[in-house]
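Could you walk me through this model in my viewer, one selection at a time? I would like to know what to pick next and what I will find there.

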Amino acid sequence: QLQLVESGGSLVQPGGSLRLSCAASGFTLGFYAIGWFRQAPGKEREGVSCLSRGGGSTYYADSVKGRFTISRDNANKTVYLQMNSLKPEDTAVYYCAAAIPRVSDVQAMCAPSRYEFWGQGTQVTVSS
């Protein structure tokens, strides 16, 4: 059974850092595109960063470019999202998701509707 479990969310002050982890089980991580998404109260879920199946291509939303880094450890079946210089507007529930990619462009793949497997989410709150 394919399962994704996020961890690492917390309350952090503006300018701080967090590293989110997504532990995968029940499937071979390297065969899937992986994405981090977030949803703030009253807003739609949005793509934050996605990683192509082979890991050679990444996409970052403009709002996080230069501050967030996505990475994958296939051996340990874990995906990470390193978040630096956090801002209050980064406050949201963060989800990781996996999908067999159906488009080659990683940006096009970084839409929630493209993903069929989801974790339960982890809360990130950026506040002083």
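Here is a short tour of a predicted model, moving from strands to rings to a pair of loop residues.

**Stop 1: strand S5 and its partners**

Begin by selecting residues 46-51, which make up strand S5. Is this strand mostly covered or mostly open? It is mostly covered, with 5 of its 6 residues buried.

Now add residues 33-39, strand S4. S4 and S5 run antiparallel and are joined by 5 bridges. To see one of these contacts up close, pick Arg-38 and look across to S5, where Glu-46 is its bridge partner. Then follow the chain through the hairpin between S4 and S5, where 6 residues separate the strands. Stop at Gly-42, whose phi is positive, near 80°.

Next, bring in residues 58-60, strand S6. S5 pairs with S6 as well, in the antiparallel sense and over 3 bridges. Which residue of S6 is the bridge partner of Ser-49? Select Tyr-60 to find it. The hairpin of S5 and S6 has 6 residues between the strands, and within that hairpin Gly-55 takes a positive phi near 85°.

**Stop 2: the aromatic rings**

Hide the backbone for a moment and show the rings of Phe, Tyr and Trp. The model holds 6 aromatic pairs. One of them is Phe-27 with Tyr-32: the ring centres lie 4.7 Å apart and the planes meet at 70°, an edge-to-face arrangement. Are these two residues buried or exposed? Phe-27 has a relative accessibility of 7%, so it counts as buried. Tyr-32 is buried too, at 13%.

Move on to Tyr-95 and Trp-118. Their ring centres are 6.3 Å apart with the planes at 80°, so this pair is also edge-to-face. Tyr-95 belongs to strand S9 (residues 92-99) and Trp-118 to strand S10 (residues 117-118), so the contact ties together parts that are 23 residues apart in sequence. Colour the two by accessibility: Tyr-95 is buried, with a relative accessible area of 14%, whereas Trp-118 is partly exposed at 27%.

Widen the selection to include Phe-37 and Tyr-115. Together with Tyr-95 and Trp-118, these residues are linked by ring pairs into a cluster.

**Stop 3: a charge over the rings**

Keep that cluster on screen and add Arg-45. Over which rings does its charged end sit? One is the ring of Tyr-95, with the charged end 3.8 Å from the ring centre. The other is the ring of Trp-118, where the distance to the centre is 4.7 Å. Drawing both distances from Arg-45 shows its charged end over the two members of the edge-to-face pair from the previous stop.

**Stop 4: two loop residues with positive phi**

Finish with the backbone shown again. Go to the loop between strand S7 (68-73) and strand S8 (78-83) and select Lys-77. What is special about its phi? The angle is positive, about 55°, although Lys-77 is not a glycine. With 27% relative accessibility, this lysine counts as partly exposed.

Then continue to the loop between S8 and S9, where Ser-85 is found. Ser-85 is not a glycine either, yet its phi is positive at about 50°. Its relative accessibility is 41%, so Ser-85 counts as partly exposed.

How values were computed:
Residues are numbered from 1 along each chain as its sequence is written. This is a predicted model: local features need pLDDT of at least 70, side-chain atom pairs count only at pLDDT 80 or more; totals for chains, interfaces and linings use all residues. Side-chain values use heavy atoms; hydrogens and water are left out. Buried means under 20% relative accessible area, exposed over 50%, partly exposed in between (1.4 Å probe, protein chains only). Helices (H or I, at least four residues) and strands (E, at least two) are DSSP runs, numbered from the N terminus. Two strands pair if DSSP finds at least two bridges between them. Rings of Phe, Tyr and Trp (its six-membered ring) pair if their centres lie within 6.5 Å; planes under 30 degrees apart count as stacked, over 60 as edge-to-face and the rest as tilted. A charge sits over a ring if NZ of Lys or CZ of Arg is within 6 Å of the ring centre and within 35 degrees of the ring normal.
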